[in-house]
Structure formats: C-alpha cells, structure tokens
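This report describes a protein chain and the ligand bound to it. Please consult the sequence and the structure shown here while reading.

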Amino acid sequence: MENAHGDPIDADVIDADVITQAPAGWHAAEQAAEHTAEHTCKHTCKHACDHAPDHGAAHPPEHPRERHARHGLIRTFHPRRGRASTTQADALTRLWPVYGYTIPDPHHDYHTPEAAPDTAFDREALFGRRAPLVLEIGCGMGEATAEMAAADPDRDYLGADVHTPGLGNLIALAEARGLKNVRVARGDVLFLLRDGIAPGSLAAVHIFFPDPWPKAKHRKRRIIQPDTVALIRDRLQVGGVVHCATDWAEYAEQMLEVLQADPRLRNRYAGYAPREAVGRPLTGYERRGLRDGRPIADLVFEKTAG
Ligand SMILES: C[S@@+](CC[C@H](N)C(=O)[O-])C[C@H]1O[C@@H](n2cnc3c(N)ncnc32)[C@H](O)[C@@H]1O
C-alpha cells in the first residue's frame with residue numbers, strides 16, 4: 001500500500017494510529033471521519049470500509065472509491081498517518097466551535113446525533129462577516145494559509161483538508177496571531193465545493209502541492225483534471241483566480257494543459273507564473289520538494305466573463 005506520494009505505508013499502522021491516538025475532546029464524528037476509507041478494516045472484515053470500528057453497523061459491500069464515483073466525484077486523498085500534537089489537540093478541542101466546519105459527507109452513515117455533520121455551510125455565520133472568500137484546498141499544516149491571511153485581512157481564508165492535526169495547527173496559528181479571517185473545513189473539499197458553495201461566490205481557490213499520485217494507475221485521482229477544474233471555475237466569481245503549485249514536473253504539465261483547456265479560464269502569465277510574482281509563502285510540502293531537488297511550478301488562472 002502506498003500513499004499519494006508513492007511512499008510505502010502500512011495500513012494497519014494507520015488504523016491503529018488514527019483510531020487510538022485521537023485526542024480527547026474530539027467528538028465521534030472527528031474520529032469516525034479520520035478512520036476514513038481505503039484501509040483494511042481489521043476489526044470485523046478484510047475489505048475496505050469507511051465506518052468507525054465501534055458502531056456495530058453492517059459493512060457496506062461497496063468500495064469507498066466506488067461510492068465516490070457513484071456521487072460523481074473522485075477520491076483525491078489518502079488517509080494520512082499522523083497524530084495531533086498537544087497544541088494541535090488543544091486547539092481542536094477548545095476552538096473547533098469557533099473556527100471549524102465539518103463538511104457533510106454523503107457517504108457516511110451518521111449513527112449518533114453527535115456524529116452528524118455540523119450544518120450546511122454558511123460562510124457569513126462561520127466568519128461573522130461577508131468578505132471575499134479564498135478557499136485553500138488541502139491546506140496541510142496551514143502555514144501558508146495563516147501567512148496569506150495575515151497579509152490580506154480584508155479577505156476571508158478557509159483552509160480545507162481531511163487531515164485533522166493540520167487543521168488543529170492552523171487554528172493554533174490563527175489564535176496565536178489573532179487572525180479573525182481564518183477558518184477551517186474538515187472533510188472532502190469536493191463535497192463542499194459541489195454542495196456547499198454557490199456558483200460565482202469565491203474570490204480565489206488555492207491548491208498548493210496537491211497529492212501528485214505518481215503511479216500511472218492512480219493519476220485519475222489527481223485533483224487537477226477537467227471535471228474538478230470545471231467545478232472550481234464554476235464556483236469562482238468572474239475575475240476570481242485559481243492558483244496551483246506543484247513540485248512534480250509531469251503534474252505541472254498536466255495542470256497547464258487542463259487549466260488552459262478550460263474555456264473560461266485565462267492564464268495570467270505565459271506558461272508558468274514567475275515565483276516572485278505570485279506572492280505565495282513557502283509551504284511544508286514545498287520545502288520537502290526543494291530539499292529533494294525538485295523544481296517548483298506555479299500556475300495562476302483567472303475566470304473570464306465568458
Ligand atoms: C501534499 S499535501 C499538501 C499540503 C500543503 N498544501 C502543503 O503544501 O504543505 C495535500 C493535502 O491535500 C489534502 N487533500 C487532498 N484531497 C483532498 C480533498 N478532496 N479534500 C480535502 N483535502 C484534500 C490532503 O489531505 C493533504 O493534506
């Protein structure tokens with residue numbers, strides 16, 4: 001079994017880590033969602049499931065990827081090993097009600113009231129104001145999100161990821177820096193884009209170092225492909241920007257091709273965007289790419305009036 005970067009991982013270790021190390025204070029939905037799809041459930045069955053191990057429900061015969069496909073979406077992420085630090089766990093426990101939004105997941109059977117998703121997405125309620133909204137897809141540890149939000153207080157920044165410790169990190173950063181314009185969304189951002197965000201309502205979408213899925217058989221799981229780009233473009237306002245970055249040369253070419261092919265997106269630069277022009281802070285995965293000697297490509301496309 002491999003992660004989205006092609007690194008080998010051990011499914012059993014992921015299970016044990018995610019389930020037993022969930023910090024106190026997370027409610028059942030947090031743990032159930034962390035125990036997400038595409039692992040081998042060692043409690044009762046040998047096939048993949050995305051149910052929490054302790055609710056006693058029958059396991060669905062359908063593979064999680066197939067359920068995603070049934071909902072017309074690809075599954076672009078892999079469950080990640082990692083536990084929350086004390087600071088992250090504390091931020092999640094104390095501040096989730098203010099900063100956090102749980103993306104409803106149409107795959108999930110919510111067996112208990114506390115495991116139900118928060119509510120429908122209401123950006124004004126979440127941020128406490130109406131301001132241009134920047135969505136960061138896969139914000140990871142949130143360092144770039146916090147940095148950009150701090151430099152841009154008139155716009156709101158929503159960092160979305162399935163990786164809860166990273167969201168705890170971003171919440172902790174936001175609190176420490178007194179950032180009022182940062183919030184986090186946990187879950188599959190494609191559901192949020194499709195079901196929670198109105199067409200023409202985003203000022204920008206940032207996708208920094210999305211999972212490269214390097215194996216040919218996994219490439220269909222890359223987030224930058226025609227259908228998801230069309231969805232993102234639809235949710236952008238005219239003049240809104242989709243900004244992608246990657247350290248994977250072949251994915252950069254695919255991004256350029258797919259973004260250029262969208263009839264309502266215009267490249268702000270000739271080819272890749274010059275790094276000094278894009279005003280993007282260094283991200284965690286970017287550091288790793290640079291350390292391994294991979295070149296970085298930025299792409300900035302703007303939605304046209306049509
Ligand atoms: C390679 S990491 C990059 C993190 C960060 N942007 C950085 O540069 O350090 C990609 C992140 O995207 C998240 N991700 C991928 N697909 C997602 C989806 N459909 N919904 C939410 N998060 C997703 C993964 O969980 C992972 O944290």
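The sections below treat the overall fold, the sheet, the helix packing, the ligand shell and selected loop residues.

## Overall organisation

The model is predicted, and its local features are restricted to residues with pLDDT of at least 70. The protein chain contains 12 helices and 10 strands. Of its 306 residues, 44% are buried. Contacts between residues at least 6 apart in sequence are dominated by distant pairs, since 73% of them join residues at least 24 apart.

## The sheet

Eight strands make up an open sheet of mixed pairing, in the order S3-S6-S5-S4-S7-S8-S10-S9. Strand S3 (100-102) and strand S9 (265-267) form the edges, each pairing on one side only. From one strand to the next, the twist averages 20 degrees.

Several pairings can be followed residue by residue. S4 and S7 run parallel and are joined by three bridges; Glu 136 has His 206 in S7 as its bridge partner. S3 and S6 also pair in the parallel sense, over three bridges, and Thr 102 stands opposite Arg 186 in S6. S5 and S6 run parallel as well, joined by five bridges, and here Asp 161 stands opposite Arg 186. Arg 186 of S6 thus has Thr 102 opposite it and also Asp 161.

## Strand S6 and its surroundings

How much of S6 is covered? The strand is mostly covered, with five of its five residues buried. In a regular strand, side chains alternate between the two faces of the sheet. In S6, Val 182, Val 184 and Arg 186 point one way, while Arg 183 and Ala 185 point the other way, and all are buried.

Helix H7 packs on the sheet, where it touches S5 and S6. The direction of H7 makes about 170 degrees with that of S6.

## Helix packing

Helix H4 (residues 86-99) and helix H7 (residues 164-177) have axes that come within 8 Å and cross at roughly 75 degrees. The two helices are therefore roughly perpendicular to each other. H4 contributes Thr 87, Gln 88, Ala 89, Ala 91, Leu 92, Leu 95 and Tyr 99 to this contact, and H7 contributes Thr 164, Pro 165, Gly 168, Asn 169, Ile 171, Ala 172, Ala 174 and Glu 175. By class, the residues of the contact comprise nine nonpolar, five polar and one charged.

Helix H6 (residues 143-150) has Ala 144, Thr 145, Ala 146, Met 148 and Ala 149 as its buried residues. These buried residues pack against H7 and against four strands of the model, namely strand S4 (133-137), S5, strand S6 (182-186) and strand S7 (202-208).

## The ligand shell

Which residues come nearest to the ligand? Among the 23 residues around the ligand, these are Phe 77, Gly 138, Gly 140, Phe 209 and Thr 283. The shell around the ligand is made up of 11 nonpolar, seven polar and five charged residues.

Three elements each supply at least two residues of this shell: strand S5 (156-161), helix H8 (189-196) and helix H12 (284-291). H12 gives the most, with three residues. S5 therefore combines two roles in the description, as it supplies residues to the ligand shell and is joined to S6 within the sheet.## Loop residues

Phe 209, one of the residues that come nearest to the ligand, lies in the loop between S7 and helix H9 (226-235). With 22 C-beta neighbours inside 10 Å, Phe 209 counts as buried. Most residues other than glycine have a negative phi. Phi of Phe 209, however, is near 55 degrees, a positive value in a residue other than glycine.

Trp 213 lies in the loop between S7 and H9, and its phi is likewise positive, near 40 degrees. Trp 213 counts as buried because 23 C-beta neighbours are found inside 10 Å.

Leu 73 is found in the loop between helix H3 (64-70) and H4. Is Leu 73 buried or partly exposed? With 19 C-beta neighbours inside 10 Å, Leu 73 counts as partly exposed. Leu 73 and Leu 190 are 117 residues apart in sequence, while their C-alpha atoms are 7.4 Å apart in space.

Definitions and conventions. Residues are numbered from 1 along each chain as its sequence is written. This is a predicted model: local features need pLDDT of at least 70, side-chain atom pairs count only at pLDDT 80 or more; totals for chains, interfaces and linings use all residues. A residue is near a molecule or strand if its C-beta atom, placed from the backbone, lies within 6 Å of it. Ala, Val, Leu, Ile, Met, Phe, Trp, Tyr, Cys and Pro count as nonpolar, Asp, Glu, Lys and Arg as charged, and the others, Gly among them, as polar. A residue is buried if 20 or more other C-beta atoms lie within 10 Å of its own, exposed if 12 or fewer, and partly exposed in between; C-beta atoms are placed from the backbone. Two residues are in contact if their C-beta atoms, placed from the backbone, lie within 7 Å. Axes are lines fitted to C-alpha atoms, for helices over the stretch in contact, and angles run from 0 to 180 degrees between N-to-C directions. Angles under 35 degrees count as roughly parallel, over 145 as roughly antiparallel, 65 to 115 as roughly perpendicular and the rest as oblique. Two strands pair if DSSP finds at least two bridges between them.
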